[in-house]
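Colleague: I am new to this structure and would be grateful for a close look at a single part of it, the charged side chains and how they pair. Please set that part against the chain as a whole and against a few other positions.

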Amino acid sequence: LFKSLMESGSKDSALWLANTCLIKGESDYAIRLYKENRGLVEGAYLITQMSVADMYALNGEFESARAAYTALKARFPKDEFIEAFFALKIGDTYLLEEKFEEAESVYMKTKARSIGEPWAMASLAIADLYNLSGEMEMIDKAIRLYGIVAGGGYLGSEITYFSLISAGIKAGRFIDTVEHLKKFPQMYPTSPLRIDLPRLYGSLVYRWIDALYKDGDYQGVLNKHYEYGVNVPFGKKGETNLKSGRAALALGLYSEAAGLLDAAIKVGGETVIQESSISLGRVYIAQSDPGAVERLIKSFLAKYPKTRLREDAERLLFEAAFIKGDFNAVAASKAVLDTPALLLKKASALRRIERHREAVEFYKEAAADLRAVGNAELMPEAYSGLADSYFSLARYNEAIGAYKSALALDGLSDQDRSWALYRIAMGYGKLNVNGEKEPVLKELGGINSDIGGWSGPVF
């Protein structure tokens, strides 16, 4: 209809047609009509002129948009609120053009010459600009401005609380932000915006737990999970339960860890399910429950035969076999052993089934890795096991050297020291080096401990 009227010579119909096209989303045609009828636009309703200016801005014609907003601003020299509104719209065009310094300059000048509601509008424009920067220092400035406006009783104070909360979540200021969330319904008990509070609570708690987990504050993770975890969005509950479960595992709270990881498996997506299954397997290892490990991991591998976590799963089966004392299974395992502790378990299993040559190689590799990472805690076990295998292979000189390396370390119990000295003495006896044997026997006799029935023949 409007198009027919326009073609019939009705000039006013061109604006109606342009407005209709704008509503339909046909912005290019609308802009062309506005440009072809500039004279009509200048005399049109204020809403039409604002629409034209907005379309210029959204279409990337920033100079035309600024000219249009400047003309609109000039129509209201005595209305501080409307004049400030259009001044800020001019600043918005610079923001859209990514001329941030120019945008800030316009916003700051508007704020400086305004009071009351216009001042609040300009402050929010500046805060939004700072918040968009992504720089923590600027986001903190934005939070301060949002806080002033939110607490100032302005027209925009209510909605500004949500900007304050969102910026606080982004900045990781979780303690302050949760207080703002609690305060909002008290200040605005009938606000329709209350419907968004659960979403913001969920976002805050999810980010809070994630930040604590990355910082290694595992007790903090559990505290926030139990205090606010109910607010985590359903789609994020699996991931949050996984992190909380791992935190409990790291703290040695195995029952809690098992419950949280089981919950993660039930509500998580495929990635969360797989990672939670592996973490739950580690809980069972810590609880020395090899049967539970085997049931879990065998079911896991049957369900996810091509999982990227296969190596982790095979290591768990390896550890379960060791706990069971199934040393033949440990020896046969093809698991990738990525820590010195696992290498020691492989070596120990091989030694216990009398495969000493292989055990020696694993003990040596474990000792080298322990030296490389500076782990002194497991070194006595590495040297003692290596020495025992050397001794069983009748490589007495090497056995004596390994036992002496173990004795040189801190942390050996009296029983372990006496065993090492006993074997050194036996080694010297096998080598017929009695001069070295006597002082070892003397030292062995001076250990104040019950060193077991095996010591009798030495004396």
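Modeller: The account below begins with the whole chain, moves to the charged pairs and ends with some single positions.

The model is predicted, so local features need a pLDDT of at least 70 and side-chain atom pairs count only at pLDDT 80 or more, whereas totals for chains, interfaces and linings use all residues. Residues are numbered from 1 along each chain as its sequence is written, and side-chain values use heavy atoms, with hydrogens and water left out.

The chain has 26 helices and zero strands; both are DSSP runs numbered from the N terminus, helices (H or I) of at least four residues and strands (E) of at least two. Along the principal axes, the C-alpha atoms fill a box of roughly 120 × 45 × 40 Å. The radius of gyration of the chain is 37 Å, while a compact globule of 459 residues would have a value near 23 Å. That radius is taken over C-alpha atoms, and the globule rule is 2.2 Å times the number of residues to the power 0.38.

Of the 459 residues, 45% are buried. Here, buried means under 20% relative accessible area, exposed means over 50%, and partly exposed is in between (1.4 Å probe, protein chains only). The accessible surface amounts to about 23,700 Å², and carbon and sulfur atoms hold 52% of that area; such areas come from the Shrake-Rupley method with a 1.4 Å probe, and for residues only the protein chains shown count as cover. Among contacts (heavy atoms within 4.5 Å) between residues at least 6 apart in sequence, 48% join residues at least 24 apart.

The charges come next. The chain has 56 positive and 60 negative charges, and their mean positions are 3 Å apart. Lys and Arg count as positive and Asp and Glu as negative, with His and the chain ends not counted; each charge is placed at NZ of Lys, CZ of Arg, CG of Asp or CD of Glu. Side chains of opposite charge can pair when their charged atoms come close. A search of the whole structure finds 27 salt bridges, each being a side-chain nitrogen of Lys or Arg within 4 Å of a carboxyl oxygen of Asp or Glu.

One of these salt bridges joins Glu97 to Arg66, with the closest N and O atoms 2.9 Å apart. Glu97 is in the loop between helix H7 (80-96) and helix H8 (100-112) and Arg66 is in helix H6 (residues 62-74), so the bridge ties together parts that are 31 residues apart in sequence. Arg66 counts as buried because its relative accessibility is 6%, while Glu97, at 25%, counts as partly exposed. Glu97 also meets Lys99 in a salt bridge, at 3.3 Å from N to O. Lys99 has a relative accessibility of 32% and therefore counts as partly exposed.

Another salt bridge links the side chains of Arg315 and Asp312, at 3.4 Å from N to O. Both residues belong to helix H19 (residues 310-324) and lie three residues apart, about one turn of the helix. Both Arg315 and Asp312 are buried. Through salt bridges with shared partners, Arg282, Glu311, Asp312, Arg315 and Asp338 are joined into one network.

Two loop positions deserve a separate note. Most residues other than glycine have a negative phi, and most peptide bonds are trans. Glu354, though not a glycine, has a positive phi of about 65 degrees. Glu354 sits in the loop between helix H21 (340-352) and helix H22 (356-373) and is exposed, with a relative accessible area of 58%. Asn432, also not a glycine, has a positive phi of about 60 degrees; its loop lies between helix H25 (414-430) and helix H26 (434-445). At 64% relative accessibility, Asn432 is exposed.

Two helix positions complete the account. Ser123, in helix H9 (residues 116-133), is buried at 1% relative accessibility. Not counting residues up to four places away in sequence, Ser123 touches Lys111, Leu145 and Val149. Ile143 lies in helix H10 (residues 136-150) and is buried at 8%. Apart from neighbours within four places in sequence, Ile143 is in contact with Leu164, Ala167, Gly168, Ala171 and Arg173.
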